[in-house]
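Morning, everyone. Please have the sequence and the model open on your screens. I'll walk you through it in a few minutes.

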Amino acid sequence: MDLKLLFISTLLGVFCYSRAQNEGNDCISANAKFCGECIQAGAKCGWCTDPDFLSQGETLSTRCDELESLRKRGCAEIKIENPRGQKRILRNKPVSNRKKGGDKLHHSNITQIQPQKLSLTLRSGEPQAFNLKFKRAEDYPIDLYYLMDLSYSMKDDLENVKNLGTSLMLEMSKITSDFRIGFGSFVEKTVMPYISTTPAKLLNPCTGDQNCTSPFSYKNVLKLTSDGKKFNNLVGMQHISGNLDSPEGGFDAIMQVAVCKEQIGWRDVTRLLVFSTDAGFHFAGDGKLGGIVLPNDGKCHLENDMYTMSHYYDYPSIAHLVQKLSDNNIQTIFAVTEEFQPVYKELKNLIPKSAVGTLSANSSNVIKLIVDAYNSLSSEVILENSKLPEGVTMAYTSRCKTGVVSEGENGRKCSNISIGDEVMFTISVTAMGCPKQGKSEVIKIKPLGFTEEVEIMLNFICECECHKDGIQNSQLCHFGNGTYECGACKCNEGRVGRQCECSSNDVPTEDMDKACRRDNGTDICSNNGDCICGNCECKKRNNHPDERYTGKYCECDNFNCDRAGNKLCGGHGRCECRVCICDPMWTGSACDCSLDTSTCMASNQAICNGRGTCDCGTCKCSDAKFQGPTCEACPTCPTVCPEHKECVQCRTFGTGEKKDVCEKECSYFNLIKVKDRDKLPQPNTAVYPLMHCKERDANDCWFYFTFAVVNNTLKEVHVVETLDCPAGPDIIPIVAGVVAGIVLIGLALLLIWKLLMIIHDRREFAKFEKEKMNAKWDTQENPIYKSPINKFQNPNYGRKAGVL
């Protein structure tokens with residue numbers, strides 16, 4: 001079992017390694033046939049336009065490689081096509097510093113987002129980033145539309161809403177000086193099968209003497225207005241209606257409010273929709289209960305402020321509603337009773353920039369609910385973008401006022417934003433490839449719930465600059481069978497070959513194959529390529545895209561060279577046709593021999609201390625007695641000093657055993673006298689190896705000298721001209737006498753101390769013996785000791801027993 005696991009692990013390792021190698025160079029893996037295809041393979045890819053760049057046998061796609069690789073292979077910088085993307089800000093109006101009570105600005109002149117328009121030119125794989133600033137303006141205009149459920153259960157709520165206009169206008173004036181309010185109502189579709197079809201019942205769906213209006217889907221009661229009294233008057237004229245099922249047709253009403261901009265009166269300002277109900281909702285598919293199967297078309301169908309197509313179109317789906325609310329920048333506040341809180345909270349999670357508030361049983365808290373919900377919605381900014389072209393991605397990074405930096409989905413938003421706060425977003429756009437043949441695209445980014453947006457024009461780099469200078473039907477491409485561009489032939493359809501010299505329909509013949517055999521051998525293109533039109537086109541190594549075959553017969557490669565340190569050409573050269581071409585200052589079959597002599601330089605600035613040669617950065621000493629990295633060590637060299645001692649002594653001081661034969665035997669070196677030892681040559685200053693010596697003569701005097709061999713021939717001795725002798729002889733007996741006296745005194749004191757200790761010990765022992773003799777108790781037993789043993793005897797023991 002262990003062997004099986006080991007085998008599987010090995011296979012997986014080989015597969016992963018091969019995959020990693022294959023993915024390591026996207027430029028080569030792209031197998032690009034022309035420059036435009038190359039630059040779309042990745043941001044690191046370049047195309048060499050030098051006509052003489054390719055070696056014999058290399059395929060056209062070899063022109064496409066990573067930039068550094070092209071430079072190393074000899075393509076001049078000016079010959080490398082490497083277009084880069086760019087960004088241009090087209091409209092950059094600063095955000096507004098509007099103050100409440102200050103100069104009035106038309107809502108179209110208020111700016112909360114910057115910049116407003118820019119252009120990005122995208123190169124495949126190369127991100128382009130820009131900063132987007134958002135500032136929540138003070139005293140920003142608000143449009144609020146109150147959409148109310150007028151089913152019978154909302155009767156008491158209607159009474160409280162009748163005075164909502166002036167009260168809400170007063171409360172909202174604390175937030176903005178430009179506030180408008182509108183009103184609409186809804187009940188249900190009138191074609192549902194569970195609603196009675198009796199005409200009288202349709203006219204008055206309520207029971208008893210209740211006066212109710214006929215059921216309806218949606219009615220726009222009041223267009224947005226700044227007249228709060230008009231709101232009160234019109235709402236006061238409304239009557240409740242009724243239906244038989246609990247869910248209502250509120251989604252129909254929301255859709256019409258969202259898309260009927262002119263009829264509702266929406267401005268390009270903050271748009272709030274308050275949806276008030278005490279029931280659930282119908283959604284797409286429920287219309288089948290009334291025989292309605294057509295999907296909601298998401299268009300405005302108001303005539304005389306009444307929704308006229310409720311019997312024709314089904315309810316909208318939640319996703320459709322989310323799209324329309326977002327497209328029209330409407331923020332929704334669901335004011336619902338506590339019973340339906342869970343339902344609408346789930347709905348809120350599906351609708352961005354929406355809030356849910358608990359409506360009291362009679363809607364008495366509706367004003368506080370609206371104000372709290374507005375404050376919650378306006379304190380958060382969430383960016384969204386329009387649909388991106390295929391292959392384009394967008395990444396967000398937010399820098400909120402708290403200093404927190406977020407990325408990913410959290411990078412789209414900032415919370416707890418107060419009026420006047422500025423937040424910053426960094427948006428990075430990346431394209432992979434060239435969408436839609438390079439046609440420009442426009443995308444938009446906007447904060448949810450706001451009408452302002454950033455318009456971004458995307459332009460794509462799909463071709464190289466040299467593409468513009470291409471020559472169609474060029475004679476360089478085999479009698480006009482291709483377009484000569486960017487240093488190579490881009491063959492017409494049906495043509496192949498480096499110069500488009502062959503038809504793709506041609507089948508290789510024996511004659512063509514012959515031209516692809518080396519030395520009349522049997523192998524076609526050395527088994528490393530294909531014979532196309534009589535020329536070898538060498539194969540690529542799939543798992544190693546950086547490795548390639550070259551040569552007329554694909555006989556060369558760049559990976560079968562000598563290695564050193566497990567690196568091709570020792571990491572100090574390149575492999576060409578299985579031979580290492582070494583970098584400067586390196587040599588050897590594997591470029592493992594350094595020509596740098598700095599590692600052989602001794603401290604005296606001599607190569608190997610003058611005792612050897614520098615070979616591949618290492619000293620090879622000429623004499624075996626010298627050792628070390630720079631031939632500085634000489635284990636047997638201490639014999640040098642005694643060897644020259646007598647000659648130095650006789651020539652300098654006229655003493656020693658050779659003083660009589662000094663001139664004859666000791667003239668083999670050049671003698672130089674110096675004043676003191678500091679004047680002797682030192683190893684770190686001498687330009688040749690030298691030995692320091694210290695020797696003693698017959699009078700116990702020391703003399704110092706150095707011995708050196710200059711240029712391997714001349715022997716040179718530097719000697720200190722004065723002897724270093726010990727102190728005079730008369731002081732020695734004095735010192736010896738003093739030492740001897742000190743020793744004798746010490747011995748005497750030691751003997752006296754020992755004698756005194758013996759006398760003291762004897763006195764103490766005698767005193768002990770005397771006290772022992774005067775003791776008053778038996779020395780055999782302690783007088784205060786009592787035995788723990790008691791003895792008893794039977795009184796009848798030994799007597800005779802009486803006769804009974």
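Let's go straight to the lining of the largest pocket. Five elements each supply at least two residues to that lining: α1 (2–23), β2 (64–66), α4 (67–72), β30 (556–557) and β33 (573–576). Which of them gives the largest share? It is β33, with four residues. Keep in mind that this is a predicted model.

How big is the pocket? Its volume is about 1,100 Å³. The lining counts 34 residues, and the closest to the centre are D546, R548, N558, R574 and C575. Sort the lining by class and you get 14 charged, 11 polar and nine nonpolar residues. How do we find such a space at all? Rolling a probe the size of a water molecule over the atoms shows where empty space is left.

Now zoom out. The protein has 804 residues, and 43% of them are buried. We count 17 helices and 42 strands. Take the contacts with a separation of 6 or more. Of these, 61% link residues 24 or more positions apart. The exposed surface comes to about 45,000 Å², with 53% of it from carbon and sulfur atoms.

Next, one strand: β8, residues 142–149. Is β8 mostly enclosed or open? All eight of its eight residues are buried, so β8 is largely enclosed by the rest of the structure. Look at its two faces. On one side sit I142, L144, Y146 and M148, and on the other D143, Y145, L147 and D149; both sides are covered.

Who are the partners of β8? Strands of a sheet pair through backbone hydrogen bonds, either parallel or antiparallel. One partner is β9, residues 179–186, which runs parallel to β8 over eight bridges. Find M148 there: S185 in β9 stands opposite. Another is β11, residues 270–277, also parallel, with seven bridges. Here Y146 has V274 as its bridge partner.

Last stop, a sheet. How many strands form this open sheet? Six do, in the order β4-β6-β22-β21-β16-β19, and the pairing is mixed. At the edges are β4 (86–91) and β19 (413–414), each pairing on one side only. Follow β4 inward to β6, residues 117–122. These two strands run antiparallel, joined by five bridges. To see the pairing on screen, pick K87, which stands opposite L120 in β6.

That's my tour. Over to you for questions.

Definitions and conventions: Residues numbered from 1 in each chain as written. Predicted model: local features only at pLDDT ≥ 70, side-chain atom pairs only at ≥ 80, totals over all residues. Heavy atoms only, no water. 1 Å grid on protein atoms, 1.4 Å probe; cavity = no way out; pocket = protein on both sides within 12 Å on 5 of 7 lines; lining within 4 Å. Points joined across faces, edges and corners; volume = space filled by probe spheres on them. Nonpolar A, V, L, I, M, F, W, Y, C, P; charged D, E, K, R; others polar. Pairing = 2+ DSSP bridges. Buried < 20%, exposed > 50% of the residue type's maximum accessible area, 1.4 Å probe, protein only. Contact = heavy atoms within 4.5 Å. Areas by Shrake-Rupley, 256 points an atom, 1.4 Å probe, with all protein chains shown as cover.
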